[in-house]
Amino acid sequence: MSVRTLVVDDSLTMQALIQRTLASDPHIHVVGTASSAEEARARIKELDPDVVTLDIEMPGMNGLDFLERLMRLRPTPVVMLSTLTSEGADASIAALELGAFECFDKLALRRPDEAIRLPALVRAASGSRGRSVAAAPRAPEPAPQADYTPRDQSMIAVGASTGGVEALIELLSGFPATCPPTVIVQHMPPSFTASFAARLDRLCKPSVEEARAGAVLRPGKVYLAPGGDQHLEIAGPANRRYCRLLAGPKASGHQPSVDVLFQSVARVAGADAVGAILTGMGADGAEGMLAMRQAGSVTIGQDEASSVVYGMPAVAHRIGAVVQQMPLRRIAARLLQECRA
């Protein structure tokens, strides 16, 4: 069955390039195009597409404003197209918060080895649930706050991919300012992670920052792996664990990789650590989570019903890496409970 797709971009040249890229996949059928938000609204009503590709920058109503209205009035899977520069990072992260399935770099359309990722995203988006702004995110279950003290040497490790921006905002909103040291790999472009860390820092009680080489893990701090050509690992003795950034090839198809982080946590922290694998395409993190469980860590997987894409947590569950699956809104409280003094 074909994925019926509407392409929205104010540039006719870009429309043609997107259509040509999507046409390489026999399971995708471009049912129409639109050059403005107003035209897109009419085409969506007329064609009822399965997926919309949407340009962030358009004349008149911009892509973000249109996305917000679409998700509120007619939730539809959307892949945003943007120039993934540092200037566009804030807008792209805002789009992901509003419910966009994923953001894709327009410049990658001119690089055949990278352009093939767009049809894969559109196919995956068609199997996701369009998310209404009015309905999400749901408030997490109450977690310990004022008197919370983490157990000595305890720590939390989290991995996420597609859908992870919303999921991490919801997860960390349940963390107190005195949370255990927390390390996170979220798959996103290099230009995004500093902006996303700053966004999380503004929204959440703990201090959130991009992980730096040598940064010592401390309670009340969350460390987000920087995007780019390095992996984040944890190293050091139990009383002074620190972040280590290592150059190297992709692992499990990603850089940074959740597997690399989780495997280091298994080696260094073992039963002191608690892990969570959240929504995402693919299998990154499953083997690393299995290593954590075998080392004595409690491991939690996001359940299918609350995942935008039940890929990474599904594989982790299938290979026996997950101690328990649960809805996203319950995960923060469980992680904190496992680390409480």
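## Exercises on a predicted model

**Exercise 1. Find the buried residues of helix H10 and say which elements they pack against.**

Solution. Start with helix H10, which spans residues 286-294: Ala286, Gly288, Met289, Leu290 and Met292 are its buried residues. Bear in mind as you work that this is a predicted model.

Next, look at what surrounds these side chains and backbone atoms. The buried residues of H10 pack against three strands and two helices by name: strand S6 (155-160), strand S12 (273-277) and strand S13 (298-302), along with helix H9 (258-268) and helix H11 (312-318).

Finally, step just past the helix. Gly296 follows H10 with a positive phi of about 105°.

**Exercise 2. Decide whether Thr21 is buried or exposed, and list its contacts beyond its sequence neighbours.**

Solution. First place the residue: Thr21 belongs to helix H1, residues 12-23.

Then apply the cut-off. Buried means under 20% relative accessible area. Thr21 has 10% relative accessibility, so it counts as buried.

Now set aside neighbours within four places in sequence; Thr21 is then in contact with Leu109, Ala115, Leu118 and Pro119. Of these partners, Leu118 and Pro119 fall within helix H6 (117-126).

To finish, try a long span: 153 residues separate Thr21 from Gly174 along the chain, and their C-alpha atoms are 41 Å apart.

**Exercise 3. Describe the largest pocket: its volume, its lining and the classes of its lining residues.**

Solution. Begin with volume, which is about 1000 Å³ for the largest pocket. Its lining has 35 residues, and those nearest the centre are Arg117, Met188, Pro189, Lys250 and His254.

Which elements give two or more residues to this lining? They are strand S5 (102-105), helix H6 (117-126) and helix H7 (164-172). S5 supplies the largest share, four residues.

Sorting the lining by class gives 16 nonpolar, 11 polar and eight charged residues.

**Exercise 4. Inspect the backbone at Asp48, Gln153 and Pro256.**

Solution. Take Asp48 to begin with. This residue sits in the loop between helix H2 (37-47) and strand S3 (51-55). Its phi is near 50°, a positive value in a residue other than glycine. With a relative accessible area of 46%, Asp48 is partly exposed.

Move on to Gln153, found in the loop between H6 and S6. Here phi is near 70°, again positive in a residue that is not glycine. Gln153 is partly exposed, at 33% relative accessibility.

Last comes the peptide bond between Gln255 and Pro256, which is cis, with omega about 5°. Pro256 lies in the loop between strand S11 (242-247) and H9.

**Exercise 5. Compare the radius of gyration of the protein chain with that of a compact globule, then summarise the fold in numbers.**

Solution. Start from the length. For 341 residues, a compact globule would have a radius of gyration near 20 Å, and the protein chain has 20 Å, so the two agree. Along the principal axes, the C-alpha atoms fill a box of roughly 60 × 40 × 35 Å.

Then count elements: the protein chain has 12 helices and 14 strands.

Turn to burial and surface. Buried residues are 56% of the 341. The accessible surface comes to about 13700 Å², with 50% of it belonging to carbon and sulfur atoms.

Close with the contacts. Among those with a separation of 6 or more, 73% are between residues 24 or more positions apart.

Conventions:
Residues numbered from 1 in each chain as written. Predicted model: local features only at pLDDT ≥ 70, side-chain atom pairs only at ≥ 80, totals over all residues. Heavy atoms only, no water. 1 Å grid on protein atoms, 1.4 Å probe; cavity = no way out; pocket = protein on both sides within 12 Å on 5 of 7 lines; lining within 4 Å. Points joined across faces, edges and corners; volume = space filled by probe spheres on them. Nonpolar A, V, L, I, M, F, W, Y, C, P; charged D, E, K, R; others polar. Buried < 20%, exposed > 50% of the residue type's maximum accessible area, 1.4 Å probe, protein only. Contact = heavy atoms within 4.5 Å. Rg over C-alpha atoms; globule rule 2.2 N^0.38 Å. Areas by Shrake-Rupley, 256 points an atom, 1.4 Å probe, with all protein chains shown as cover.
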